[in-house]
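Trainee: I've got a new structure open on my screen and I'd like to practise reading it. Could we go through it together?

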Amino acid sequence: TRLPDRIPIGTKEVRERFSAESVRAFYEHWYRPDNMTLVLVGDLQGLNPEALIAEHFQRMVVPNTPLPQAPDRGRVRQLGQVFSIFEHEIPTVIISIARLKHWEPRPSTRAQWIENLPLSYANSMLNLRYRELAKLEGAPYLSASVSNNRSMKIIDGVNLGIACQPERWQEAMAFCERELRRALEHGFQSVELDELRANSLRAFDEAVDREPTAHSGALFGPILSAAESPSIPTSAKSYREIMRPAVEALSVEQCLAALREAWSEGELSIQATGNLDLGSEDSALLLAAYEASRAQPVDASEEIVVAEFAYGSDPDQRGKIAERRHVEDLDFVQVRFANGVSVNVKRTEFKEKQILIGGELGEGRLTPEPEQSLREWIGKRVVSAGGLEAHSADDVRCLLAGELVGVSFGLGREHLPRTGGTTDEGLLC
């Protein structure tokens with residue numbers, strides 16, 4: 001393939017020979033009317049832009065020469081390679097374990113969308129496991145994820161990417177490889193798939209509800225992409241009609257079968273990039289570490305149990321309203337409870353079903369002493385990621401599957417801001 005020579009912006013020798021004539025020739029070769037796509041999306045106020053487009057674009061002359069074709073990308077000579085690239089200025093190490101094969105074009109069809117579902121969900125379930133395990137004390141890696149490895153329309157396959165500290169690269173590789181093999185050998189649990197399924201089904205409905213008030217950019221991108229790639233712009237309603245039945249019928253057995261098939265095909269490729277100097281024996285050391293990990297047996301993961309939410313609302317403990325009034329000029333309701341808490345509520349129609357919530361608590365950065373600034377910086381991140389007393393952040397994520405509920409904690413100058421977003425249904429969960 002010629003891509004390794006063409007991904008940079010050309011060689012220094014070629015760039016030094018650039019001239020006005022060569023740049024103009026390049027422009028005229030490629031930038032021509034029969035190689036252009038015009039997309040117009042937005043509120044046109046009832047105007048038909050056809051005449052305006054014709055006035056400015058119709059007079060462009062099509063060259064007599066045939067429309068040029070993109071150069072052949074070629075094929076990779078050797079997919080399965082094991083090597084490392086040492087760069088001391090990169091503080092961490094990125095390890096890639098992949099199964100690679102040659103890319104083949106596939107049309108964008110309903111059947112293809114549905115065929116891609118099991119592997120997509122298998123990857124998502126495995127990535128949730130990696131995220132949770134990375135939070136454990138003493139975890140040997142910083143982050144890890146599996147994904148489809150489709151690059152530049154020349155390479156296809158699957159990839160496990162691992163980020164770690166240089167001194168723990170072998171431990172990180174072994175830990176993450178075994179977790180991948182745990183899924184391949186023992187599969188997934190229904191509760192893992194149910195969480196993702198609930199979120200997807202909610203997202204389908206949400207997209208349909210919000211499409212009438214969607215930003216023009218959300219429509220512009222897919223339409224323009226269709227001119228360059230085999231994709232089909234699809235309305236949220238049509239996409240839901242196609243995908244919802246397939247998502248509802250999806251099983252953990254289908255996901256496992258797709259994962260096994262993906263990791264049984266192609267050639268093995270192992271790469272390490274970053275602050276890891278393995279010298280001339282890099283290939284042998286990487287392969288030896290991989291094979292040593294493969295020799296270790298793996299057990300099935302522990303059964304996942306999702307507990308009941310420990311903080312359900314109790315109507316008997318609801319606050320008593322001391323004062324309620326309507327602010328006429330700004331059209332919002334102001335409520336003050338007996339304990340002193342004030343709440344302002346305003347109804348809008350800007351976004352379908354969207355509800356935004358914000359609160360101000362206590363005092364902010366002006367209160368602590370300057371030497372506590374680091375504690376403040378870390379504190380707000382710990383609170384946002386720390387979950388609740390009875391539930392970890394991962395437990396909360398599982399409990400809220402299928403609901404659009406988000407909360408964040410900040411630190412302002414004079415108060416502690418708490419913000420969140422949900423829908424009218426999620427407000428009651």
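**Cavity, pocket, rings and strands**

Mentor: Sure, and keep in mind that this is a predicted model. Let's start inside: by class, the largest cavity is lined by five nonpolar residues, one polar residue and one charged residue.

Trainee: Which residues line the largest cavity?

Mentor: The space in there comes to about 30 Å³. The lining has five nonpolar, one polar and one charged residues, so Asp395 is the charged one, as Asp counts as charged. The full set is Val305, Val306, Ala307, His391, Asp395, Cys398 and Leu399.

Trainee: Now the pockets. What volume does the second largest pocket have?

Mentor: A pocket is an open set of points, while a cavity is a set the probe cannot get out of. For the second largest pocket, the volume is about 780 Å³.

Trainee: Which helix gives the most to the lining of the second largest pocket?

Mentor: Three helices each supply at least two lining residues: H1 (3–6), H2 (12–16) and H3 (20–30). Among the 23 lining residues, Arg6, Trp30, Ala70, Pro71 and Arg73 are the closest to the centre. By class the lining holds eleven nonpolar, four polar and eight charged residues. The top contributor, with three residues, is H1.

Trainee: How far apart in space are tryptophan 30 and alanine 70?

Mentor: Tryptophan 30 lies in helix H3, and at a relative accessible area of 24% it is partly exposed. Along the sequence, tryptophan 30 and alanine 70 are 40 residues apart. In space, C-alpha to C-alpha, the separation is 9.6 Å.

Trainee: And how far is glutamate 179 from tryptophan 30 in space?

Mentor: Glutamate 179 belongs to helix H6. With a relative accessible area of 6%, glutamate 179 is buried. The two residues are 149 apart in sequence, and their C-alpha to C-alpha distance is 48 Å.

Trainee: Let's do rings. How many aromatic pairs turn up in the whole structure, and is the pair of tyrosine 27 and tyrosine 31 stacked or tilted?

Mentor: The search of the whole structure finds six aromatic pairs. In the pair you ask about, the ring centres of tyrosine 27 and tyrosine 31 are 4.7 Å apart and the planes are at 5°. Planes under 30 degrees apart count as stacked, so this pair is stacked.

Trainee: Are those two tyrosines buried or partly exposed?

Mentor: Buried needs under 20% relative accessible area, and exposed needs over 50%. Tyrosine 27 has 45%, and tyrosine 31 has 48%. That makes tyrosine 27 partly exposed, and tyrosine 31 is likewise partly exposed.

Trainee: What about tyrosine 141 and phenylalanine 175: is that pair stacked or tilted?

Mentor: Their ring centres are 5.6 Å apart, with the planes at 40°. An angle of 40° is neither under 30 degrees nor over 60, so the pair is tilted.

Trainee: Where does each of those two rings sit in the chain?

Mentor: Tyrosine 141 is buried at 3% relative accessible area, whereas phenylalanine 175 is partly exposed at 26%. They are 34 residues apart, and the pair links distant parts of the chain. Tyrosine 141 is in the loop between helix H5 (110–134) and strand E3 (143–148), and phenylalanine 175 is in helix H6.

Trainee: On to cysteines. How many disulfides are there?

Mentor: A disulfide needs two cysteine sulfur atoms within 2.5 Å. For cysteine 176, the nearest cysteine sulfur is that of cysteine 164, 8.1 Å away. For cysteine 255, the nearest is that of cysteine 398, 16 Å away. The count of disulfides is zero.

Trainee: Are cysteine 176 and cysteine 255 buried or exposed?

Mentor: Cysteine 176 has a relative accessible area of 0%. Cysteine 255 also comes out at 0%. Since buried means under 20%, both cysteines are buried.

Trainee: Last one, strands. In which sense does strand E1 pair with strand E5, parallel or antiparallel?

Mentor: For contrast, strand E2 (residues 93–102) and E5 run antiparallel, joined by eight bridges, and there serine 96 has glutamine 271 as its bridge partner. Between E1 (residues 82–86) and E5 (residues 267–274) there are five bridges, and valine 82 partners isoleucine 270. The sense for E1 and E5 is parallel.

Terms used
Residues are numbered from 1 along each chain as its sequence is written. This is a predicted model: local features need pLDDT of at least 70, side-chain atom pairs count only at pLDDT 80 or more; totals for chains, interfaces and linings use all residues. Side-chain values use heavy atoms; hydrogens and water are left out. Rings of Phe, Tyr and Trp (its six-membered ring) pair if their centres lie within 6.5 Å; planes under 30 degrees apart count as stacked, over 60 as edge-to-face and the rest as tilted. Buried means under 20% relative accessible area, exposed over 50%, partly exposed in between (1.4 Å probe, protein chains only). Helices (H or I, at least four residues) and strands (E, at least two) are DSSP runs, numbered from the N terminus. Two strands pair if DSSP finds at least two bridges between them. On a 1 Å grid over the protein atoms alone, a cavity is a set of points where a 1.4 Å probe fits but cannot get out, and a pocket is an open set with protein on both sides within 12 Å along at least five of seven lines; lining residues have an atom within 4 Å of a point. Grid points are joined across faces, edges and corners, and a volume is the space filled by probe spheres set on the points.
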